[in-house]
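Reader: I am in my first year and would love a close look at one small part of this structure. Could you pick a spot and then work outwards from there?

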Amino acid sequence: MDSKLKRAEALYEAVNQLIRVHQFRDRESICCHNVSVAQCYALETLVKRGPLRLKALAEEMCLDKSTTSRVVDALLRKGYALKSLDPLDQRAVQLSLTAEGQELYATIRKSLIAEEASMIADISDEVVDAALVLLGKLTIAARTRLGD
């Protein structure tokens, strides 16, 4: 096996293990604050992108529309999201966060950033910076493969 292929295999194993430990792998498991990992991603997407139609939210989350619909339905039931008419097309519905949803996301984000800070506390700035560059490039490559 050539060295690039060995590195690719090692990268696959490392990223796979990180994802399993870091994000619980199961989209329906409870993340924190009574929301699933997928619901947390939906909160984050709506905070960062603003109101979106269901299809756009599904595309952003790399999920199918029916899965995204179930995620959104849970957020609606919990009072974290709301539906309203799209101002550009009164026949369409857009999704946005309630004040409670925005507050919940801010709480979750603060907690997750504190957790990340503790994970990198003993790692040099140079290594963290190199990891950030690598992760950014891997994200771009993965999105390119998905056609984004």
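Author: Let's begin at cysteine 62, which counts as partly exposed because its relative accessible area is 42%. (On this scale buried means under 20% relative accessible area, exposed means over 50%, and partly exposed is what lies in between, using a 1.4 Å probe and counting protein chains only.) Before we go on, please note that this is a predicted model, where local features need pLDDT of at least 70, side-chain atom pairs count only at pLDDT 80 or more, and totals for chains, interfaces and linings use all residues. Residues are numbered from 1 along each chain as its sequence is written, and side-chain values use heavy atoms, with hydrogens and water left out.

You will find cysteine 62 in the loop between α3 and α4. (Helices are DSSP runs of H or I with at least four residues, strands are runs of E with at least two, and the numbering starts at the N terminus.) Its phi angle is near 60 degrees, a positive value in a residue other than glycine. This positive phi comes just after α3, and that helix is the part I would like to look at closely with you.

Which residues of α3 are buried? They are Leu57, Ala58 and Met61. These residues lie on the same side of α3, because they cover an arc of only 100 degrees around the axis. (The arc is that of the directions from the helix axis to the C-beta atoms.) The cover over them includes α2, α4 and β4.

Leucine 57 shows this in detail. Leaving aside residues up to four places away in sequence, leucine 57 touches Ala42, Thr45, Leu46, Leu52, Thr68, Val72 and Leu95. (A contact means heavy atoms within 4.5 Å.) Leu57 is also named, with Val35, Leu43 and Leu75, among the residues with the most contacts inside the largest nonpolar core, which has 20 residues. (Such a core is a set of buried Ala, Val, Leu, Ile, Met, Phe, Trp, Tyr and Cys residues joined through side-chain atoms within 4.5 Å.) At least two residues of this core come from each of α2 (37–49), α3 (54–61), α4 (65–77), β4 (89–97) and α5. The largest share, 5 residues, is supplied by α2. As a general point, nonpolar side chains tend to be buried together in soluble globular proteins.

Now let's turn to the charged residues of α3. Lysine 55 forms a salt bridge with glutamate 59, and their closest N and O atoms are 3.7 Å apart. (A salt bridge is a side-chain nitrogen of Lys or Arg within 4 Å of a carboxyl oxygen of Asp or Glu.) Because lysine 55 and glutamate 59 are 4 residues apart in helix α3, about one helical turn separates them. Lysine 55 counts as exposed at 52% relative accessibility, while glutamate 59, at 49%, counts as partly exposed.

Another salt bridge leads out of the helix: glutamate 60 pairs with arginine 49, with the closest N and O atoms 2.6 Å apart. Glutamate 60 lies in helix α3 and arginine 49 in helix α2, so the pair ties together parts that are 11 residues apart in sequence. Glutamate 60 is partly exposed at 29% relative accessibility, and arginine 49 is partly exposed at 44%.

Following arginine 49 into α2, we meet glutamate 44, which forms a salt bridge with lysine 48 at 3.2 Å between the closest N and O atoms. Here too the spacing is about one helical turn, because glutamate 44 and lysine 48 are 4 residues apart in helix α2. Glutamate 44 is partly exposed, with a relative accessible area of 22%, and lysine 48 is exposed at 56%. By the rule given above, the count comes to 3 salt bridges.

Finally, let's step back to the whole chain. It has 6 helices and 4 strands, in the order α-β-β-α-α-α-β-β-α-α along the sequence. Of its 148 residues, 28% are buried.
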